[in-house]
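I opened this entry to follow one pairing of strands outward, first to its sheet and then to the core.

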Amino acid sequence: MHMEFNVSFSGLISQFLVGLSRAMILFIVSSGLSFILGVLRVPNVAHGSLYMIGAFTAHTLAMAAGGGVAGFWLAILVAPLVVALISLVAERLLFCHLYEREHLMLLLFTFALTLILGDLTKMTWGADYRSLVAPPFLQGSVSVLGTPFPKYNLFLLAVGPVVAVGLWLFSNKTKVGKIARAAAVDREMVGAIGINVSWVFAFAFVLGCFLAGLGGALVSPTVSITLGMDHTIIIEAFLIVTIGGLGNMWGAMAGSLIFGVSQSIGVLLWPQFAIVFPYMAVVIILTLKPTGLLKSVW
Amino acid sequence: MKKERISWIGLLLFFAGCALAALLPSPAAARDIKVGIVDTYSGPAAVFGNDALNGFKLAVNEINKQGVLGGKIVFTTRDEQFKVDIALNMAKELVLKEDVDVLVGTINSGASMAISEAVAKKEKIPFIVWTAKSENITGKAGHRYVFSTAENTAMAGKSAAVAFAQKPYKKFWIAGDDYEYGHAIADAVWRNLKKIKPEVEVIGKTWWKPGEPDLIPYLTAIQAAKPDCIIFATGGLSMANVLKAMKATGMENKFPAWIHTATDHSVLKPLGMNAPEGVMGTIQYHYYYPDLAANKKFVKDFQAAYGNPPGFPAFNAYTTAYFIAEAFRQAGKIDKEKFIDTLEGLKVDTPVGKVEMRACDHQAVYPMFLGTTKISKEFGGAISSDIVTLRGAEVMPTCEEIAEARKQK
């Protein structure tokens, strides 16, 4: 079979935008993971499960509100809060006793948690596929340079930067954010000057998990909500955090953009081998810069 | 003190129970038929695994009212988690430890091929594949011990080719899941279409990993290449995602597309009124078509027991149970070789009429329903419309072709 590269400029632009919008979801999820890694030093494998629970909760909330526009907004805004609440319980009951343990132990613990949360999700929601419907004004597509572009992806393109700026403001302009950042660098010192580190940690954990839930809620109009969503996202999120620099929020942003855009452009240029593009990007970056693109807080 | 007494009572009861069990007249030769089920009960494919299990349970409950050879059909399940290695271990365990008489399952084509080769053939255990659709299972990799009660990629591919041949499309794009099923179905459509209409050409191919959540980047890239028609070689979860992405990228009604089982209600139901219209699909079972009394009864009983209408896996599994029961009844005893001999060419009643287990390749003969998705207010979502029925004989490879394929292997 002959290969034909039928790539137009407008096709490339539209594909780039699709990649960017996908990167926004990746950023929201992986920045949460990175935040928890940075402040708490916990490689939270269960982050993907919270993303999945966020999506299922969003669907349930939207249905409970009778679907429609109100249901959609309720789902997007409240589902992450539900996930945050679940994570608060998990933090106070489980995680807060484990911060001092070694990483392998934490990895095993959070992995066990993914299995438990996975089964709980199955028991609560069952195995059926679910689908959240975007409100009418976000359905269908608009024309970008003559190529159709999904409206919902435009919405994601707007939401991503809002979340990024919000996170930046939080960690640089608020007291809690500053303490959290300080704790990421030197937690003994933060404790030594009399700050209740336990609650700072709880807050950081809950915020990170809130972002997982938000990612899950935001992604649900573009995919099917199913069991197993957790596995796919957690692998991608860890790769992103690793190439971006552990615990660095802008690193998560850079990693997400590279991952999302290399995937979408790869799909356009060489569709038969599209799967490998983002992973190739990861390999190249880690070969050139093993500590990740930006400064790691570890 | 009190604790001790309780444990004494427990022990006494246990011995009494044992004595009673020994005294009861055991029905001499009439033992139960043990069926070992390996299927996916976790992850995205669990929805199909559960549906099949429900169909099987319903049939077994009906069958056990009369019993088979004086005994019952009993079954035990194992979750293979959609993984080939796990499936293989579980199938071995069911055969060696649980001593099952028949193995059935799974939804994973790769796993089914592995069990067929490494367990069924080696241990001489009949294995009936009920959801996996790779034509290789009963095609070139077929043998005495493997059967299929699922429709397969050859049948679906031929149906699609027949449909495409009547349309003016020339430039095709093939996109799908990068694993056994995806490649098998893409190959089957193309092989058949090229035979009927030699002037068609593939202008590009896209392969994504099975279960890839967000297919929008893939679909926008395909749109940019402007094919006349798209063949989606995908199943299960990816298909739901394809349909969703088609809607989001505005491809419905603009780009003709075909996906095997796109007209399946387990895929269309979650999308509700937002399912894309005009997508061509093929499938061997609809709970609403054909409108036969037996099908209505099956759907009613299934709905009453499990709260939702049966999907194609439930139908396949229901049919499988009747094949197992009837083959053992006609064999006259629980004997694996005899079971295979009687199952070859056996016809059983199913909700959609008689279904034959073709003797030459051990493939159940089903008609294929070719239809197009259409929103129905009555169903609260999309259903298959303008259904054209292709008879089993029209869409299955001939016995000679099967023999040839097996020889080449």
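I looked up B:Gly36 and found that it stands opposite B:Leu103 in S3(B). Strand S1 (residues 33–39) of chain B pairs here with strand S3 (residues 102–105) of chain B, in the parallel sense and over 4 bridges; strands pair if DSSP finds at least two bridges between them, and strands (E, at least two residues) and helices (H or I, at least four) are DSSP runs numbered from the N terminus.

I noted that this is a predicted model, in which local features need pLDDT of at least 70 and side-chain atom pairs count only at pLDDT 80 or more, while totals for chains, interfaces and linings use all residues. Residues are numbered from 1 along each chain as its sequence is written, with chains lettered from A and ligands numbered from 1 in the order in which they are written.

I then traced the open sheet of chain B, whose 5 strands run in the order S2-S1-S3-S4-S5 with parallel pairing. Its edge strands, pairing on one side only, are S2 (73–79) and S5 (146–148) of chain B.

Helix H4 (residues 109–123) of chain B packs on this sheet, touching S1, S3, S4 (127–129) and S5 of chain B (contact: C-beta atoms, placed from the backbone, within 7 Å).

Last, I checked the largest nonpolar core (buried Ala, Val, Leu, Ile, Met, Phe, Trp, Tyr and Cys joined through C-beta atoms within 7 Å; buried: 20 or more other C-beta atoms within 10 Å). Among its 216 residues, B:Leu103 is one of the five that touch the most other members, with A:Val29, A:Ala204, B:Phe127 and B:Leu243. Helix H1 (residues 9–40) of chain A gives this core its largest share, 15 residues.

How values were computed: Two residues are in contact if their C-beta atoms, placed from the backbone, lie within 7 Å. Axes are lines fitted to C-alpha atoms, for helices over the stretch in contact, and angles run from 0 to 180 degrees between N-to-C directions. A residue is buried if 20 or more other C-beta atoms lie within 10 Å of its own, exposed if 12 or fewer, and partly exposed in between; C-beta atoms are placed from the backbone.
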